[in-house]
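Dear colleague,

Please find below the structure that I am handing over to you. My notes on what was found in it follow directly after.

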Amino acid sequence: MLFSSIDFIFRFLPLFFLCYFVMPTYGRNAVLFLGSLVFYALGEPFYILLMLCSILVNYGAARRMAAARGAAGRRVWLAAALIFDLGALFVFKYFDFFAANVNALAGRKLLPFLGLALPLGISFYTFQMISCVADLYVGTIASPGTFLEFGTYVCMFPQLVAGPIVQYREVSAQLKERLLTARQIEQGLELFCLGLGSKVLLANKISIFWNQVQGIGFSSISTPVAWMGAIAFSFEIYFDFWGYSLMAMGLGRMMGFSIPRNFNVPYMARSATDFWRRWHITLGRFFREYVYIPLGGNRRGGLRTTCNLFLVWALTGLWHGASWNFIVWGLGFFVLLVLEKNFYGRFLERHALFGHLYVWLLVPVSWMVFEITDLSELAVYLKQMAGIHAGEVMVGTEQLVRYLKDYGWLFLVCALCATWFPVRLYRALKQTWWLVFICLAVFWLSVYELHQGAANPFLYFRF
Amino acid sequence: MKKWKRAMRQCPLAICILCVWGVLAAGKYLPDLKQQAGQRQAQENAQEVPEELTAYGAYGGALAANRAPELTREELAGKEPELLPEGEPEEDASAALDDGEGAGAGEEPQEASQEEVPGEKSGGAKGGAPEKVKPEYITYDKKKTDSPYYTDPGKIPLTTEYDYVKVSDDYFDDAVFIGDSRMEGMEDYAGLHNTTFFAKPGLTVYDLLDDKFIKDADSGKKVSIGDMLKRHTYGKIYLMVGINELGTGGTDRFAQAYQDVLQKLRKWQPDAVIYVHSIMGVSPAKDKSDPVFNNTNIRDKNYAISKLTDGIHIFYFNIQQLFEDENHALAQELTFDDVHLYAKHYARWTDYLREHAVEEKKQ
């Protein structure tokens with residue numbers, strides 16, 4: 001079930017919060033745990049077994065690890081948990097990709113395809129469990145708490161399907177006891193409304209344009225239209241993901257959790273390095289803390305650092321999906337980061353204008369690498385962006401003018417909302433009636449839009 | 001009171017949202033109840049609705065909730081009694097159109113008023129009057145369907161047989177192209193520049209003539225296709241519509257509406273050749289997964305459309321054949337969204353039109 005669906009907002013959420021607030025504090029974890037299971041089961045009735053199984057295995061390993069005396073015992077349980085988690089992730093997410101590549105290399109059908117559907121949120125909850133188990137191993141946290149606490153941590157529905165990737169130590173205290181004030185509920189609701197607006201009013205709207213470009217076919221578009229498409233997709237993915245993260249934060253706060261921030265105005269970054277400090281912060285943090293630093297980080301010489309970075313970015317790419325374009329995408333950032341680290345990073349940080357232009361130029365290109373799974377199609381698109389047209393350009397100036405007329409304002413609004421402006425406005429209007437009014441308007445407008453589209457793209461895809 | 005004031009100060013947003021929700025819910029729930037009562041009444045009145053159809057009322061309702069809430073729900077509620085099992089009314093209706101045609105074609109096509117007098121058989125076989133060309137079909141084994149919107153016709157109509165000629169692009173100078181988003185694709189990518197397009201995404205046969213979406217160059221006002229057709233004279237009318245309304249009522253109702261449109265076109269443009277396009281199919285992926293927007297439904301509608309053509313004034317183009325795979329579905333590699341062609345493939349369509357022109361209208 002999506003957060004941005006009428007069913008979630010008007011059925012699941014009121015019912016859940018009714019149960020949650022009626023329940024005395026000691027029972028709230030149970031309500032949240034069960035509610036989250038219901039939430040998951042509504043979208044994924046079968047794979048919920050996989051998730052429960054993962055929780056049990058990881059909790060068992062975590063308990064054993066907390067009880068084990070020697071380092072050897074802890075290592076065994078860590079290995080067990082990791083093998084299970086990564087194994088499940090490999091089988092469900094990467095096996096077919098792996099098999100396809102092995103078969104291609106071997107030149108014959110060596111491995112069969114499993115054709116498994118990707119379990120909802122597996123990439124996120126697996127990482128959360130890994131982070132908890134790893135923290136236990138290192139000793140950052142001492143105990144995984146009760147089963148209910150651990151289970152609630154893994155599958156609490158605000159962050160279950162699309163993050164942020166919360167670390168256990170951030171919420172362990174709140175899982176035991178959390179203070180809930182009216183003010184917090186109010187703030188949570190504000191965040192939820194604004195997140196909903198970001199998803200429904202900005203991301204969904206601008207996705208229409210990107211779909212249109214895809215529908216035309218990449219071989220027929222002109223260079224400006226190709227750039228407009230890339231920019232539209234950049235806005236779409238940002239407002240979609242940011243909106244979702246805001247909603248997660250808001251829902252968390254309404255229950256007394258402080259879910260970490262996932263985005264910090266990424267499109268105002270001054271370099272690719274800076275961009276990744278601001279984009280999907282919790283994922284970057286995961287790879288830094290659990291891959292990069294354990295490998296030695298940057299303390300073992302330049303070559304080792306570069307190797308570590310390479311691995312981290314190949315994995316970051318792969319995490320986003322089982323396809324070569326994601327790996328290319330991740331490695332593209334690896335190249336940029338290495339270049340920035342060794343050559344022009346300082347320059348960009350110092351000269352804001354160049355930094356911004358650099359990011360605004362590269363980010364849309366990188367998102368195209370991310371979005372277009374088929375490598376030959378991707379090549380066509382990048383060529384169109386570069387102005388190398390192989391075929392006849394059918395969508396040229398005439399259509400461009402129309403697109404600008406139809407979507408120009410939307411691009412402007414998106415651009416404005418991708419700057420510091422909304423964040424500063426939010427801070428400035430805190431605790432005023434203006435903010436209430438804005439949130440209210442955004443909320444009901446979003447609901448209206450959702451109602452019109454009835455949670456399906458029919459409105460957007462009118463034939 | 002004090003408590004309320006404090007709550008209002010602390011969570012104004014929560015309270016506002018709840019209040020508005022309460023009001024809206026109340027406002028929505030009451031009409032819903034009324035509508036349900038009306039629907040029950042309508043169902044009770046409609047004795048002749050066969051059992052399967054009433055059974056699918058619920059299914060249709062669920063679909064409606066999923067798909068296009070307002071439209072379909074209302075249509076279903078209001079129109080269910082009209083969904084008769086076999087296409088009798090549409091046969092009658094097409095006969096009525098033929099009569100009008102025959103009478104009109106005999107002497108004075110301009111005398112469109114004759115159309116208002118159905119049932120009067122006059123023209124038909126008279127003197128040198130042209131004979132109606134019946135559409136030909138590819139037949140296949142019907143499949144059982146369980147939809148309130150369509151049945152499997154078991155037939156795919158072919159392009160009307162005629163000695164078409166090849167023409168150059170100036171043939172389209174006095175043509176008008178009317179249709180939905182796929183006709184709009186034609187407008188954008190087919191390379192016909194010196195012609196008129198009235199195309200809009202989401203256009204249906206039900207609002208085709210009345211939807212005011214055209215900006216009139218003279219007055220600057222928004223006008224409808226009907227207005228334009230009344231005002232200007234066109235030599236050829238190319239029409240493709242029907243995919244958006246696949247889930248709005250059954251095929252009979254669709255055929256009736258389509259026929260009404262054709263009658264009006266004939267009335268307003270008696271000298272124009274009308275080329276009716278088949279509704280282009282959807283890709284196999286969509287065909288398999290969609291209970292409404294699938295090729296069986298489209299074939300049912302196409303079969304109904306083809307019966308309204310006569311090969312004298314109204315010609316049927318099985319445009320689907322240009323883009324179909326071996327199962328007569330829209331070939332998957334030609335489309336991104338399972339419905340629309342990639343821009344570069346529209347050229348095939350234009351070529352087809354260039355090769356299929358009715359040069360002189362038969363008198």
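In chain A, buried residues make up 55% of the 463 residues. Please bear in mind throughout that this is a predicted model.

Chain A as a whole

Chain A has 19 helices and zero strands. Of its contacts with a separation of 6 or more, 75% are between residues 24 or more positions apart. The chain exposes about 20,200 Å², and carbon and sulfur atoms supply 69% of that area.

A position inside chain A

Within chain A, I would draw your attention to Ala203(A), which lies in helix α9, residues 182–216. Is Ala203(A) buried or exposed? Ala203(A) counts as buried because its relative accessibility is 1%, and the cut-off for buried is under 20%. Leaving aside residues up to four places away in sequence, Ala203(A) touches Ser198(A), Glu236(A), Phe239(A) and Asp240(A). Gly243(A) is 40 residues from Ala203(A) in sequence, and the two C-alpha atoms are 8.5 Å apart in space.

Chain B as a whole

Chain B has eleven helices and nine strands. Of its 363 residues, 52% count as buried. Among the contacts in chain B between residues at least 6 apart in sequence, 69% join residues at least 24 apart. The area that chain B exposes is about 17,400 Å², with 51% of it supplied by carbon and sulfur atoms.

Strands β3 and β4 of chain B

Strand β3 of chain B covers residues 175–179 and strand β4 of chain B covers residues 196–199; they pair in the parallel sense over four bridges. Within this pairing, Val176(B) has Thr196(B) in β4(B) as its bridge partner. Helix α6 of chain B, residues 181–189, joins β3(B) and β4(B) in making a β-α-β unit, and this unit is right-handed.

The loop between β2 (155–157) and β3 of chain B contains Asp170(B). Asp170(B) has a relative accessible area of 52% and is therefore exposed, the cut-off for exposed being over 50%. The C-alpha atom of Asp170(B) is separated by 8.7 Å from that of Thr195(B), a residue 25 places away along the chain.

The contact between the chains

How many residues does each chain bring to the contact? Chain B gives 37 residues and chain A gives 34 residues. Together, chain B and chain A bury about 3,100 Å² between them, and 67% of this is on carbon and sulfur atoms. On the side of chain B, Leu13(B), Trp21(B) and Phe336(B) supply 20% of the area buried against chain A, more than any other three residues.

Cysteines

A search of the whole structure finds zero disulfides over all chains. Cys414(A) is accordingly in no disulfide, and the nearest cysteine sulfur, that of Cys417(A), is 6.9 Å away. For a disulfide, the two sulfur atoms would have to be within 2.5 Å. Cys414(A) has a relative accessible area of 0%, and so is buried. In the other chain, Cys11(B) is also buried, with a relative accessible area of 13%.

I hope that these notes serve as a useful introduction.

With kind regards

Key. Residues numbered from 1 in each chain as written. Chains lettered and ligands numbered in written order. Predicted model: local features only at pLDDT ≥ 70, side-chain atom pairs only at ≥ 80, totals over all residues. Heavy atoms only, no water. Pairing = 2+ DSSP bridges. Helix = DSSP H or I, 4+ residues; strand = E, 2+ residues; numbered from the N terminus. Right-handed = clockwise from strand over helix to strand, strands pointing away. Buried < 20%, exposed > 50% of the residue type's maximum accessible area, 1.4 Å probe, protein only. Contact = heavy atoms within 4.5 Å. Areas by Shrake-Rupley, 256 points an atom, 1.4 Å probe, with all protein chains shown as cover. Buried area = accessible area lost by both parts, 1.4 Å probe.
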